[in-house]
Amino acid sequence: MKQMKILLVCAGGMSTSILMKKLQKYSDDRGMDDQITAVGLGAYEDVYRNYDVILMGPQVSYRVDEVKQTTGLPTAPIPSYDYAVGNSDNIFKLAEKLVTDNVSN
């Protein structure tokens, strides 16, 4: 898989900042050069053009359709359990699936 640029979105950017660090370490440990950024819901519109995929925290998953429509990017909520425990493997699989499915459409 090529380098991915992942935008994490949550209510204020705080909890996703913790997840962002875990995901970046996971990416670095795999020898990938993925770019992962965390922002609050109020800031995604300013930066989304620089990303391949948007993953949203469970607490803002009710806005996933709005974000998808606004950005045109593949967007999905992170499953609550994976988010809570920082399951980097599952979260990367979700991001890769979204990007792959978007390319094949």
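## Group meeting: a parallel sheet and its helices

Strand 3, residues 53-56, pairs with strand 4 in the parallel sense, over 3 bridges. That is my way into this model, which is a predicted one. Two bridge pairs to look at here. Leu 55 has Ala 76 as its bridge partner in strand 4. Met 56 has Pro 77 as its bridge partner in strand 4.

Now the other neighbour. Strand 1 runs parallel to strand 3, and 4 bridges join them. One partnership to pick out: Ile 6 has Val 53 as its bridge partner in strand 3.

Put the whole sheet together. It is open, it has 4 strands, and the order is 2-1-3-4 with parallel pairing. Which strands stand at the edges? Strand 2, residues 35-40, and strand 4, residues 75-77. Each has a single partner strand, so one side of each is left without a neighbour in the sheet. From one strand to the next, the twist averages 25°.

As background, strands of a sheet pair through backbone hydrogen bonds, either parallel or antiparallel.

Stay on strand 3 and look at its side chains. Val 53 and Leu 55 point one way. Ile 54 and Met 56 point the other way. Buried or exposed? All four are buried.

Next, the helices on the sheet. Helix 5, residues 88-104, lies across strand 1 (5-10), strand 2, strand 3 and strand 4. Helix 5 runs at about 140° to strand 3.

Helix 3 is residues 64-71, and it packs on the sheet, touching strand 3 and strand 4. The direction of helix 3 makes about 165° with that of strand 4.

Let me take helix 3 apart. Which of its residues are buried? Val 64, Val 67 and Thr 71. Look down the helix axis: those buried residues fall within an arc of 65°, so they line one face of helix 3. What covers them includes helix 2 (44-47), strand 3 and strand 4. The face turned away from the buried side carries Asp 65 and Gln 69, both exposed. Just after helix 3 comes Gly 72, with a positive phi of about 75°.

Thr 70 is also in helix 3. Thr 70 is partly exposed, because its relative accessible area is 33%, between the 20% and 50% cut-offs. Leaving out residues up to four places away in sequence, Thr 70 touches Tyr 44, Glu 45 and Tyr 48. A polar atom of the Thr 70 side chain lies 2.8 Å from the backbone oxygen of Glu 66. For a sense of distance, take Met 20, which is 50 residues from Thr 70 along the chain. Their C-alpha atoms are separated by 23 Å.

On to the cores. In soluble globular proteins, nonpolar side chains tend to be buried together. Here, the largest nonpolar core has 18 residues. Which of them touch the most other members? Ile 6, Leu 8, Leu 19, Leu 23, Val 53, Leu 55 and Ile 78. Strand 1, helix 1, strand 2, strand 3 and helix 5 each supply at least two residues. Helix 5 gives the most, with 5 residues.

Leu 55 deserves its own slide. Set aside its neighbours within four places in sequence. Leu 55 is then in contact with Ile 6, Leu 7, Leu 8, Val 9, Ala 76, Ile 78, Ile 91, Leu 94, Ala 95 and Leu 98.

Apart from this core lies another one, of 13 residues. Among its members are Tyr 44, Ile 54, Met 56 and Val 64. Remember that Ile 54 and Met 56 point one way from strand 3, and Val 53 and Leu 55 the other.

Two polar residues to finish. Thr 16 lies in helix 1, residues 14-29. Thr 16 is buried, because its relative accessible area is 0% and the cut-off is under 20%. Beyond its neighbours within four places in sequence, Thr 16 is in contact with Leu 8, Val 9, Cys 10, Ala 38, Val 39 and Tyr 83.

Then Ser 88, in helix 5. Ser 88 has a relative accessible area of 10%, so it too counts as buried. What does Ser 88 touch, not counting residues up to four places away in sequence? Lys 22, Leu 23 and Tyr 26.

Conventions
Residues numbered from 1 in each chain as written. Predicted model: local features only at pLDDT ≥ 70, side-chain atom pairs only at ≥ 80, totals over all residues. Heavy atoms only, no water. Buried < 20%, exposed > 50% of the residue type's maximum accessible area, 1.4 Å probe, protein only. Contact = heavy atoms within 4.5 Å. Pairing = 2+ DSSP bridges. Axes fitted to C-alpha atoms, helices over the stretch in contact; angles between N-to-C directions. Arc of directions from axis to C-beta. Core = buried A, V, L, I, M, F, W, Y, C linked by side-chain atoms within 4.5 Å. Polar contact = N/O pair within 3.5 Å; in protein donor to acceptor, adjacent residues only side chain to side chain.
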